[in-house]
Amino acid sequence: MTSNELKEAPCVFDDLVDRWSALSEADPVRHDEGQNLWQILDHRSVAAVLADPATYSSDFSGLTPTQPDFETFRQGNFVGMDPPEHRKLRALVSQAFTPRVVSGLEPRIHAITAELLDAVEDRDRFDVVDALAYPLPILVIAELLGVPASDRGLFQEWAATLFGGDEIGESLDMSDIERALDSIAPTVREMNGYILEHIRHHRKHPGEGLTSRLLQAEVDGVRLADQEIVGFVALLLVAGHITTTALLGNAVLSFDRYPDAAAQVRADPGRLPDAIEEVLRWLPPFPELGRRTTREVELGGRTIPAESILMANLAAANRDPARFTDPGTFHAMRDPNPHLTFGHGIHFCFGAPLARMEARIALRQLLDRFSCITIPSRREVEFQNPAVIVSARRLPLEVRRS
């Protein structure tokens, strides 16, 4: 992948990368007076925060604005739960969403990718988000859950509303959060009704899909309630697919920005997984994770009071010179690469293996089909609000075939 515009128009994400790199050189733990929260910036401290849910809670009840429609989803969204609730729900979900289930999707991911690229076979220019990065993961997840793939336009609308971030600034504050919750509540209500209906259908007509397996999962005589299944299905359907969409777009952007790295991958396709890990380190889709302190704690030489809000900055931690050699350079063959993009500890991203597989298959087919992949004009690239997700919304490409 190459670009003739490297000097003409810098990548929009260059400013973000520069900001993260500057943060990685700052004090590892610091208080942000403007936002009244603590920034955790170095790899060691971020990993320590994520590994200790007893001290650094994912439950923000009472500290952040609430909205009734969102509370219904909290019952099954274990991203915002602490043990023992988190352990119980994750154990039940793990019975259905097993490594074997994920690995069994590989042939279908190959087939769907080929079908999507066949649809643009006669074009020299197409939007890779619209043609591949969005539909691939949503089609895979829709088939996995047993929901109609024909409804993917609806799922795309939900994701655009939830992750667009058009109504908030680049730095989230409580008023931003409250305004965002109110604006997207109708979408959450619609999702809740749709997924509940889907679950009821599978109760009446059980099959081999993931939803039916979730209904049957049982640990110590306990099964998932319908609303708990709704929360997990919503998490997988929306947040699950948008991560892969972001990863694929960010990989294309990175390879265009660093053509030598792309050339390395073309010369040795077996190193593509390493390149994907470097894309994840370089442009994490969700660069920060919030936590709440349950007690006063010493971290990075600072005393943090109980009930404080922390932002664990994954992007800055991914550039920590104490953990990475030459962290300010994009190395497609970087090994080892202990980035924290998918988290750490009990909240390590549940869908990480699926996202990695989808990215590997999609990028391999993209590189095999096209001998040259170019972003002809960076001015035509549209981005999501990076305060919500680091991802391209629109990414036109020009391609040449082998």
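# Notebook: helices, turns and cis bonds

**Helix H9.** I listed the buried residues of H9 and found Phe155, Trp158, Ala159 and Phe163. These buried residues cover an arc of only 105° around the axis, which puts them on the same side of H9. I note here that the model is predicted. Next I checked the length of the helix. H9 runs over residues 152–163 and has 12 residues. From first C-alpha to last, H9 reaches 16 Å, close to the 16 Å expected at 1.5 Å a residue.

**Helix H4.** I turned to H4, which spans residues 85–96. H4 also has 12 residues. Its reach from first C-alpha to last is 18 Å, close to the expected 16 Å. Which residues of H4 are buried? I found His86, Leu89, Arg90, Leu92, Val93 and Ala96. Seen down the axis of H4, the buried residues fall within an arc of 160°, so they line one face of the helix. I then asked what the buried residues of H4 pack against. Three of the partners I wrote down are helices: H5 (99–103), H11 (210–216) and H12. I also wrote down two strands, S5 (218–219) and S6 (222–223).

**Helix H12 against H16.** H12 came up as a partner of H4, and I followed H12 further. H12 covers residues 226–257, and H16 covers residues 352–369. At what angle do H12 and H16 pack? I read an angle of about 40°, with the axes 10 Å apart. That makes H12 oblique to H16. The crossing of H12 past H16 is right-handed. I noted the residues that meet. From H12 they are Thr244, Leu247, Leu248, Ala251 and Val252. From H16 they are Ala355, Glu358, Ala359, Ala362, Leu363 and Leu366.

**Thr243.** I stayed in H12 for one residue, Thr243. Is Thr243 buried or exposed? Thr243 has a relative accessible area of 12%. Buried means under 20%, so Thr243 is buried. I looked up its contacts too, leaving out residues up to four places away in sequence. Thr243 touches Pro285, Phe286 and Phe342.

**Cis peptide bonds.** I looked at two bonds that lead into a proline. The bond from Pro83 to Pro84 is cis, with omega near 5°. Pro84 lies in the loop between helix H3 (68–74) and H4. The bond from Asp335 to Pro336 is cis as well, again with omega near 5°. Where is Pro336 found? I placed Pro336 in the loop between helix H15 (314–317) and H16.

**Positive phi.** I checked two residues other than glycine for the sign of phi. Glu307 has phi near 65°, a positive value. I found Glu307 in the loop between strand S9 (302–304) and strand S10 (309–313). Its relative accessibility is 41%, so Glu307 counts as partly exposed. Asp326 has phi near 50°, also positive. Asp326 sits in the loop between H15 and H16, and Pro336 is in the loop between H15 and H16 too. With a relative accessible area of 38%, Asp326 is partly exposed.

Note on methods. Residues numbered from 1 in each chain as written. Predicted model: local features only at pLDDT ≥ 70, side-chain atom pairs only at ≥ 80, totals over all residues. Heavy atoms only, no water. Helix = DSSP H or I, 4+ residues; strand = E, 2+ residues; numbered from the N terminus. Buried < 20%, exposed > 50% of the residue type's maximum accessible area, 1.4 Å probe, protein only. Contact = heavy atoms within 4.5 Å. Expected span 1.5 Å × (residues − 1). Arc of directions from axis to C-beta. Axes fitted to C-alpha atoms, helices over the stretch in contact; angles between N-to-C directions. Parallel < 35°, antiparallel > 145°, perpendicular 65-115°, else oblique. Left-handed = near helix turned anticlockwise from the far one by under 90°.
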